[in-house]
Structure formats: C-alpha cells, structure tokens
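Let's take a look at one of the pockets in this protein, and then at some of its charged pairs. Have the model open while you read.

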Amino acid sequence: MKYMGSKSALLRGELGEILVASSAGASRFVDLFSGSGSVSHYVAENINIPVLSVDLQHYSKILAESITGRDCPQTDGPIINKWTADVGRGLLDDAIYEALREPIARLGKATVLRSRRSSERTVGVGFVTQHYGGHYFSPQQAYSLDRLYEELPKEEPDRTLCLAALLHTASICAAAPGHTAQPFQPTPKLLPYIKSAWSRDPVHECQRQVSILAARHAKVKGQARVGDALEAVSSLGDEDLVFCDPPYSAVQYSRFYHVLEGISRGGWNGVFGAGRSPARGYRESSDFSMKAQASSAMAQLLSALRERSCRVLVTFPDADASNGLSSSDIVALAGDSWHVREHYVDSTHSTLGGSSSQGGRGGRRALKEAVLLFEPRTAIISLLESRRPERQDVLSVPHTSEAASAVATAATVS
Ligand SMILES: C[S@@+](CC[C@H](N)C(=O)[O-])C[C@H]1O[C@@H](n2cnc3c(N)ncnc32)[C@H](O)[C@@H]1O
C-alpha cells in the first residue's frame, strides 16, 4: 500500500538487518506508530517474538493485525474463499449494480458529475457509494466495495484479514494520488487517471489481496491496538524493543487517509467538501503533526520510555521536516539518559504530491533516514559485559563522545 512515510522500501535493505540484529534479547517488539504495518509485518514474519502495534488510526490496526494476529496461514479458510466469490456472483444479477453502470471508456466531465449524483441519490446503497461514489470510485466500484463490506465474515481472524484486503483494494482502486485527501477532479489532464483507476475491478482485486494476506502470518501471534503512543508506554517494560517512526509532516495523517479510516469504521455520519472528508472533530489529531507541539511530544515519549527502561529504535528523516523536528533534535533529546547510536540509510520521502527540489521523481525527494538506537544509559555496562556482538554490529558507527566515556568506564570496571 502507498503510505506516507512507509518503511517498506527501507526494510528490503539495511533497516531490515538492523531490526533483526537489534531484536536479539528482546521478548517483544512494539511498533508505536505502525501506519501501514510494514515494520510490524517484517518483524512478525522474520523474528521469533510477538509484535504489539499501536496507531491512532483504526485502519492501521486492521492492516497490522491481518498478519501479526495469526501464527499460521489462513489459505484454506472456507469463509474467506467464499466471500469474494459470493459477492461477485451476486453482482451479476443485481439491478442496482446494473443501474449504476457508466461508460468508463468514454468518460468525460459530464459523466463524472452525473455519476456523483446517481451515487448519492440511489436508494439501497451503502456508505461507500453514498460518500465516495463518483468521487474516489466509479458508482459500480463503490457499490461493489459496499457489498464486500456488508458480506464481510463475522468471525475472527477471517474478518480482520478480509477487511484488510478491502482496505488494500480501496487504496488501489481510488482515483487519487496515493492518499485520499482529495480525489482527482475531472479536468482534461486528470480524466485519464480517473479512467484508469475506475477500470479496476474491486472484487477481482480483493480476491487477489485475500490470497496474498492469507498466505502470510507471524512466527508468534501478536496484537494491534488503536491508541496513542504515549499512553501505550505505561504497559511496556525493559524486555521490549520499541520502534518509533513518528510523523514528519505538519499535516495530520487523518486528513490524508480518511477514506481508509471511514471504511475501517463502517462509514461516517456525513462527509463534506471536495475531499469528502468527515467533520474535523471526527478526525484524530496528533501532537507529532503540529509544529508547536512535535518537539515536546517527542521529549515526553522518550522520557516515558526511559522510565520503563525500554530499548528504543527511532527512525526520522535526516533533514528539517515540516513538523519542525529533525533527527539531530531527537538525538539531542537523549541528554544524559540514553546512549545513542546513529546510523543513516538512503531513503526517499513523499512531498505529498508537491515538486521535488532535491532530486527523485515528482512528489518524492531523496534524503537520508536516521536510524537511532537509544539504550538506557545504566544498561550500557551490562550490555558490554554480556558481550553481545550482534548488538555492537548492528549500528556500526563511531560512538558518541558520551558513549566513549561510558565504554571507558565499563572497561575500568571489568
Ligand atoms: C510515519 S507514519 C508510520 C509509518 C509506518 N512505519 C509504515 O511503515 O507504514 C506515522 C504514523 O503515526 C501515527 N500517529 C501519529 N501520532 C500518533 C500518536 N500520538 N500515537 C500513535 N500513532 C500516531 C499516524 O497515524 C501514522 O500512521
């Protein structure tokens, strides 16, 4: 899934190796800003410890848990295999579905505007057609997504797996630029993109997504929660390896992914404006996405994690981010409480559809991503005594002067 700040590309390189090496000795992995779930999935599928995923957004819980919540494949689940097939068969002689047909091959502005009206006015449709038909999805696509939603299996883990497949499908079929802040409008330039997105068959795509997800599973069953990272820290302990990948943008995630959030919650009370988003009061707001609050939110989080004696991995762009934070600010927050090892990996970041001033394709810019390992300072001596070479090797960068003096102290003690 295209997701702002997703670590999926980095996981195929050094970040994956760092996670494996840093997890040695941990009895649980905690992903406090789990987003698309890519990091939770990587750890769950490759390392023999349970994963706890936390995010403010409901869709994130579903995406993470669809894989981390199972320790075996679900490929022969009879309900899962029937779900999309039954819906596909039902649509063949569904009069509402037929009435919502539009000539996608000859799509023009008038057709798009008409399909918005017909989606909103048709009786007997669900929230996807009412909220998003003619905007993000063609009326028939929206109706298919409604039928898939209504027929979701009732039992777990099938329901979460199928809902995650539906979220992936909606993300792939949406006529929007990789997020759902606003759909493409029917201008001559954007009509080809609408046509291309509206030509995708949601039932077929959903079946494909189910097969992909059903084959994947955790080595050890984990958990996912909707909640605030800071609140989740009170239940953590010194055997947890905590991964923090906080927002770097001053724009709230809830503004960019409200369609996925709507589908995971079963619709909104109402949607407004060109983006078809719910009223602001219904959208989650994070201090990490507010320029005036991000630094103190990060300081509070690190302080709470230090109190729980957790080891912590933080990733953040090595550049000034629009929420006002930078990786060097985060290193500075460590003060005397932590020993920090810094590592930098090549990355690209979304500019949310804007132009790219520093290379890369439009809407992306090339930069370095800091991967920072925070270890509680008092733990350094025991870490050195236990001589775990894998931890030393993980982030093979020169020690900071602060750490160098700790190493010298440890050497004297032993
Ligand atoms: C950079 S993204 C994480 C991307 C993720 N690592 C991935 O690979 O997809 C940041 C995430 O933090 C979540 N978030 C923002 N503030 C939060 C908070 N206070 N507590 C928990 N999650 C939060 C956002 O909803 C978003 O999904």
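How do the residues of the lining of the second largest pocket divide into nonpolar, polar and charged? Keep in mind that this is a predicted model. The lining of that pocket splits into 15 nonpolar residues, 15 polar ones and seven charged ones.

As for the space itself, the second largest pocket holds about 510 Å³. It is lined by 37 residues, and if you want to find its centre on screen, the closest to it are Phe 33, Asp 55, Pro 246, Pro 247 and Ser 286. Four helices each give two or more residues to this lining: H3 (38-46), H13 (229-232), H14 (253-256) and H16 (294-307). Helix H16 gives the most, with three residues.

Now for the charged pairs. Side chains of opposite charge can pair when their charged atoms come close. In this model that adds up to 17 salt bridges. Here are some of them, with the distance between the closest N and O atoms:

| Salt bridge | Closest N and O atoms |
|---|---|
| Asp 86 and Arg 89 | 2.7 Å |
| Glu 98 and Arg 101 | 2.7 Å |
| Arg 147 and Glu 150 | 2.5 Å |

Where do Asp 86 and Arg 89 lie? Both are in helix H5 (residues 78-92), three residues apart, which is about one turn of the helix. Arg 147 and Glu 150 are likewise three residues apart, about one turn, in helix H9 (residues 139-150).

How open are these side chains to the outside? Take the H5 pair to begin with: Asp 86 has a relative accessible area of 33%, so it counts as partly exposed. Its partner Arg 89 is at 52%, and because the cut-off for exposed is over 50%, Arg 89 counts as exposed.

Turning to the next pair, Glu 98 is partly exposed at 40% relative accessibility, and Arg 101 is also partly exposed, at 47%. In the H9 pair, Arg 147 has a relative accessible area of 23% and is partly exposed. Buried would mean under 20%, so Arg 147 at 23% stays in the partly exposed class. Glu 150, at 39%, is partly exposed too.

Which residues are linked with Lys 7 in a network of salt bridges? They are Asp 245 and Glu 369, so look for these three together when you go through the model.

Technical notes. Residues are numbered from 1 along each chain as its sequence is written. This is a predicted model: local features need pLDDT of at least 70, side-chain atom pairs count only at pLDDT 80 or more; totals for chains, interfaces and linings use all residues. Side-chain values use heavy atoms; hydrogens and water are left out. A salt bridge is a side-chain nitrogen of Lys or Arg within 4 Å of a carboxyl oxygen of Asp or Glu. Buried means under 20% relative accessible area, exposed over 50%, partly exposed in between (1.4 Å probe, protein chains only). On a 1 Å grid over the protein atoms alone, a cavity is a set of points where a 1.4 Å probe fits but cannot get out, and a pocket is an open set with protein on both sides within 12 Å along at least five of seven lines; lining residues have an atom within 4 Å of a point. Grid points are joined across faces, edges and corners, and a volume is the space filled by probe spheres set on the points. Ala, Val, Leu, Ile, Met, Phe, Trp, Tyr, Cys and Pro count as nonpolar, Asp, Glu, Lys and Arg as charged, and the others, Gly among them, as polar.
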